[in-house]
Amino acid sequence: MSFVRRGGRDSGVAPSALSGDHSNGYSGREARAGGWRLRRIALWMLKLVAMAVFLYAALPKIADPRAFLADVEAYRVLPAFWMSAAVVTFLPWFELWLALGLWVRGLSRASAWSGLLLMLAFTGLLLSAWFRGLDIACGCFGQSEATGKYGWWLIRDLLLIANFGLILLLERKPGTSRKS
Amino acid sequence: MGLSVRTTASIQTFLPMALARSFLLLLLTLVSGALAAWLHPRAVPFSEATLVGPGEVRLSELMAGSGAILWIDARSREAWEESRIPGALPLSEDAWEDQLPAVMEAWFSRPESVLVVYCDSRACASSHQVAERLRAELGEPEVLVLHNGWEAWLEWLKRSGRGQP
């Protein structure tokens, strides 16, 4: 029962409380509750970071889609203009809804999966632009940024991927993980 | 081993459910995006032709026509020296007095030509400012701005297989 063990360690409960028969004792339950509280706080903070970043990214693009268009076109990935227009029109709204969806019961996991997949796609695009030697702005936050800072953008992307991955890990319920 | 079994099981359990719920996110996105495309004053039209602003002309239209064009480069002097549309003359507001005589001379020698101003891309405004000032000072209505500017030229070169000049 790794969950009990992990809960006990995270809670910072004295080792003596864990050394006994903690599977049905009071101290074990207390330790588990402490672990869950820590887990909830961690989850809450990870979601807050993800939401803040995605809202910060989405809102300027929603406010001025035309400014975002140049950034999308600079990647030179989409072959037709209407595709760039579709990305400019819908992507910021998707970012907005998934940022808010993280806090909605029943939608949070879908939002975290969407965020994770979106970040993986963004990272792929960034790498492709890097390999093609394009001197472009990231376009990540819909405002004119410095161009060609690929290393920093990549680190930022990887941190966000880790953030969404951790959200998904922490959102798993212990009971359901053993079934099916 | 326990961890990998549990991870696989949880992915099997939750991924389809999460995907199904992602459709709700997509639906919200579609509805709000469509509303924004309809109502937002800065919405991007889905057809590039409608994005061409007043006084702007697309390169494809110019290339299809046979009229003479006098190209005016409103980018920086350094950019002009490095590379330009063949025959383009530099003209920026910073060096207006110095550069205007050459433009006037070229225009007077071929008065039937259309003046087309360009800057870097759709985002820059200098081509519009230069065109505006030319219209005001020369009393010449036939001054156009190249839609997408230098980027359109590079794109055209790439498509026509000529590489960079």
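Here are some questions and answers about a predicted two-chain model.

Me: What ground rules sit behind the values here?
Reply: Residues count from 1 along each chain as its sequence is written, chains are lettered from A and ligands numbered from 1 in the order in which they are written, and side-chain values use heavy atoms, with hydrogens and water left out. Since the model is predicted, totals for chains, interfaces and linings use all residues, while side-chain atom pairs count only at pLDDT 80 or more and local features need pLDDT of at least 70.

Me: How far does helix H4 of chain B reach from its first C-alpha to its last?
Reply: Helices here are DSSP runs of H or I with at least four residues, strands are E runs of at least two, and both are numbered from the N terminus. H4(B) covers residues 96-109, 14 in number. The expected span is 1.5 Å times one less than the number of residues, and H4(B) comes close to that 20 Å, reaching 20 Å.

Me: What arc do the buried residues of H4(B) cover around the axis?
Reply: Buried means under 20% relative accessible area, exposed over 50% and partly exposed in between, using a 1.4 Å probe and protein chains only. The buried ones are Trp96(B), Gln99(B), Leu100(B), Val103(B) and Trp107(B). They sit on the same side of H4(B) because their arc, taken from the directions from the helix axis to the C-beta atoms, is only 110°.

Me: Which residues are exposed on the other side of H4(B)?
Reply: Flip to the other side of H4(B) and you get the exposed set. That set is Asp98(B), Glu105(B), Phe108(B) and Ser109(B).

Me: Is Arg75(B) buried or exposed?
Reply: Arg75(B) lies in the loop between S2 and H3 of chain B. Its relative accessibility is 8%, so Arg75(B) counts as buried.

Me: Which backbone oxygen does the side chain of Arg75(B) reach?
Reply: Contact means heavy atoms within 4.5 Å, and leaving aside neighbours within four places in sequence, Arg75(B) has contacts including Trp80(B), Asp120(B) and Trp150(B). At 3.4 Å, the side chain also reaches the backbone oxygen of Ala79(B).

Me: Which helix gives the most to the largest nonpolar core?
Reply: A nonpolar core is a set of buried Ala, Val, Leu, Ile, Met, Phe, Trp, Tyr and Cys residues joined through side-chain atoms within 4.5 Å. The largest has 30 residues, and Phe54(A), Leu98(A), Phe164(A) and Ile167(A) touch the most other members. Helices H3, H4, H5, H6 and H7 of chain A each supply at least two residues. The one giving the most, with seven residues, is H5(A).

Technical notes. Polar contact = N/O pair within 3.5 Å; in protein donor to acceptor, adjacent residues only side chain to side chain.
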